[in-house]
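Here is a short note for a colleague who is meeting this structure for the first time. The points below can be read alongside the sequence and the coordinates on display.

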Amino acid sequence: MRLDYFIFILSVILLCSCEFKKIDEQEYENGPGTAQDDDTSEMTNPDVTKDFLLGKFDYRTDSRFVLMDKKWCDKEIYLQKKTYDAFVKMAVAAKKENIDLIVVSGTRNFNDQKTIWEKKWKNNEKKIKNARENTLKILTYSSMPSTSRHHWGTDLDINSVEEDYFKEEKGKKVYRWLVENAHKFGFCQVYSDKNKKRTGYNKEVWHWSYMPLSNYYLDNYVKNISYSDISGFLGSESAKQVDMIKTYVQGIDKSCSAISVESDKEK
Ligand SMILES: [Zn+2]
């Protein structure tokens, strides 16, 4: 009787140790997990991925971006920290000459731009059935998702996006100051007069770009982005038809490309 009891206990111990061994082996075979695929391996700078260039990221959680102090904007606006620092230097200098500079639009990512674009697309679609025509109509006033410079946190709209504001004395004074001084802080009016042999978007006197960063991103965009990358919104297939990259993305004032990191150091 006692021997039977001993054999029973021994069997239970052996069975348990076998089960534990099985679990150990299983864990070992599964390993610590496999690395995620990185589809940005072709890019040389790990911070400048295709998704970044196309605006497919969240600037609210990206460590390069900062929320602007309310003192310098009229709503919640994010910019890249380098753009923000340069803007504040410029705004402080302007204030000494009684010019107030306020940012009314800064970083807008792919999703922000897609919301604006698709609202207009659906509205136009009631009258315009041709995708190319609908695209060209929207491009008069808005940029296409994945092709906007506002994605990069380098471009900002100053004081107003209404032409009337810049026709009045106050607006004229602000614009004159910017034309004379913005380049000293690295900023340039990329959408200048079309008679400067520039293609693409209409003239925007309020839109200024921080060139030491945006020149670099534009260069990377042209080298790495193709029409197959511009997708995920209504009418995206028309990007190629209207030659978005060459005519619009590259359609900036040529003199702006002369403003580089070097000129930023001169300040
Ligand atoms: Zn703008």
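**Notes on a predicted model**

1. Ser146 is a good place to begin, and it sits in the loop that runs between α5 (131-139) and β4 (155-158). The model is a predicted one, which should be kept in mind throughout. Although Ser146 is not a glycine, its phi is positive, at about 75°. Is this residue, Ser146, buried or exposed? Ser146 counts as buried, because 28 C-beta neighbours lie inside 10 Å of it, and the cut-off for that class is 20 or more.

2. Asn98 invites a look alongside Ser146, since Asn98 too is not a glycine and has a positive phi, in this case of about 60°. Asn98 is found in the loop between α3 (81-95) and β3 (103-105). With 8 other C-beta atoms within 10 Å, Asn98 is exposed, because a residue with 12 or fewer falls in that class.

3. A third loop residue is Ser255, which lies between α10 (244-249) and α11 (261-265). Ser255 has 14 other C-beta atoms within 10 Å and is therefore partly exposed. In sequence Ser255 and Val190 are 65 residues apart, while in space their C-alpha atoms are 8.7 Å apart.

4. Turning to helix packing, two packed helices are described by the angle between their axes and the distance between the axes. Helix α4 (residues 110-125) packs with α5 at an angle of about 125°, and the two axes are 10 Å apart. That angle makes α4 oblique to α5, because it falls outside the ranges for roughly parallel, roughly perpendicular and roughly antiparallel pairs. The crossing of α4 and α5 is right-handed.

5. Which residues of α4 and α5 meet? On the α4 side they are Trp117, Lys120, Trp121, Asn124 and Glu125, and on the α5 side they are Asn134, Lys137 and Ile138. By residue class, the contact of α4 with α5 is made up of three nonpolar, two polar and three charged residues.

6. For the chain as a whole, the protein has 11 helices and six strands. Of its 267 residues, 31% count as buried, and Ser146 is one residue that counts as buried. Among the contacts in the protein chain with a separation of 6 or more, 72% are accounted for by residues 24 or more positions apart.

Conventions: Residues are numbered from 1 along each chain as its sequence is written. This is a predicted model: local features need pLDDT of at least 70, side-chain atom pairs count only at pLDDT 80 or more; totals for chains, interfaces and linings use all residues. Helices (H or I, at least four residues) and strands (E, at least two) are DSSP runs, numbered from the N terminus. Two residues are in contact if their C-beta atoms, placed from the backbone, lie within 7 Å. Axes are lines fitted to C-alpha atoms, for helices over the stretch in contact, and angles run from 0 to 180 degrees between N-to-C directions. Angles under 35 degrees count as roughly parallel, over 145 as roughly antiparallel, 65 to 115 as roughly perpendicular and the rest as oblique. A crossing is left-handed if the near helix is turned anticlockwise from the far one by less than a right angle, and right-handed if clockwise. Ala, Val, Leu, Ile, Met, Phe, Trp, Tyr, Cys and Pro count as nonpolar, Asp, Glu, Lys and Arg as charged, and the others, Gly among them, as polar.
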